[in-house]
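Here is a friendly walk through one structure, in questions and answers. Have the sequence and the 3D view ready.

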Amino acid sequence: MVEIATQAGAVARARVPLNRARVLSTAVALADEGGVDALSMRRIAQALGVVPMALYKHVANKNELLDGMIDVLVGEIDPPVEGIGWKAAVRRRVLSARRMLLRHPWAPEVIEARMKTRAAPTPALLEYLDSMIGVFRAGGFPVDLVHHALHVMGSRLLGFSQELFVDNGSGRPADSDTDALAPAEMAARFPHLAELAMAVAHDADSVVGSGCDDQYEFEFALDLTLDGLERLLNAV
């Protein structure tokens, strides 16, 4: 009976017209559930109740699938807010992008990888960047300052930052050859790192755990960047 019900469910899903949007939204949901590395055409087909070959009418290959998934996520970012200053508009939209990425923690790695291998960003990314440039231009930024702003903000425009190290609460890079050193030896060899680690360590019962508060640090860097751009704009 269970097998018959499963087959009936698959038939019912198959009756719903298959399109690119369904393929991509299903792929995003599966990546949210198990990570992007476990994503395959076979798994997506099973979730949709179709044969894998049916997917290739809508996405030609894995890279096109990943590009489409990126575009789905970019579509979750709030549109620009009208009637507020450029600084508030940029901040609100960047933080919306960050909320999107927190919902899809696999996304930064995929975005970075595809940006390195594609000749140009995906259509949705281009639209997003174009609209952000429009916010800066409407705020009075000359084109050359917008160019510098995009460089200095980098991936932060999409809600994530490329950190110097992975924060593991130890004050040293993850997976380094110093992992086996005792804390006292670490402090003796790297006194400034040890001092910094002790200064920023949170209480054990902190809601963010040991190490850095990622959201605070992200907003700190974002506000510092926007304040600097504002000073440059006022000097033009």
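Q: Which residue caps the N-terminal end of α2?
A: Keep in mind that this is a predicted model. At the N-terminal end of α2, a side-chain oxygen lies 3.3 Å from the backbone nitrogen of alanine 21. The residue that carries this oxygen, and so caps the helix within the 3.5 Å limit for a polar contact, is asparagine 19.

Q: How many Å does helix α2 reach from its first C-alpha to its last?
A: Helix α2 covers residues 20-34, which makes 15 residues. At 1.5 Å a residue, 21 Å is expected, and the model comes close to that. The reach from first to last C-alpha is 21 Å.

Q: Is glycine 34 buried, partly exposed or exposed?
A: Glycine 34 is found in helix α2, and just after that helix glycine 35 takes a positive phi of about 90°. Buried would need under 20% relative accessible area and exposed over 50%. Because glycine 34 has 45% relative accessibility, it counts as partly exposed.

Q: Which helix gives the largest share of the largest nonpolar core?
A: This core has 52 residues, and Leu65 and Met69 have the most contacts inside it. Several helices each supply at least two of its residues, among them α2, α4 and α11. The largest share is eight residues, and it comes from α5.

Q: Which residues of α2 does leucine 65 touch, leaving out those up to four places away in sequence?
A: The contacts of leucine 65 include Leu39, Met41, Ile44 and Val59. Helix α2 spans residues 20-34, and three further contacts of leucine 65 carry numbers in that range: Val23, Leu24 and Ala27. These three are also among the buried residues of α2. The names asked for are Val23, Leu24 and Ala27.

Q: What is the N to O distance in the salt bridge of glutamate 76 and arginine 103?
A: Glutamate 76 lies in the loop between α4 and α5 and arginine 103 in helix α5, so the pair ties together parts 27 residues apart in sequence. Glutamate 76 is partly exposed at 28%, and arginine 103 is partly exposed at 44%. Their side chains meet at 2.9 Å.

Q: Which residue forms a salt bridge with lysine 87, with the closest N and O atoms 2.5 Å apart?
A: Lysine 87 is partly exposed, with a relative accessible area of 24%. Its partner at 2.5 Å sits in helix α11, while lysine 87 sits in helix α5, 140 residues apart. That partner is aspartate 227.

Definitions and conventions
Residues numbered from 1 in each chain as written. Predicted model: local features only at pLDDT ≥ 70, side-chain atom pairs only at ≥ 80, totals over all residues. Heavy atoms only, no water. Helix = DSSP H or I, 4+ residues; strand = E, 2+ residues; numbered from the N terminus. Expected span 1.5 Å × (residues − 1). Buried < 20%, exposed > 50% of the residue type's maximum accessible area, 1.4 Å probe, protein only. Polar contact = N/O pair within 3.5 Å; in protein donor to acceptor, adjacent residues only side chain to side chain. Core = buried A, V, L, I, M, F, W, Y, C linked by side-chain atoms within 4.5 Å. Contact = heavy atoms within 4.5 Å. Salt bridge = Lys/Arg side-chain N within 4 Å of Asp/Glu carboxyl O.
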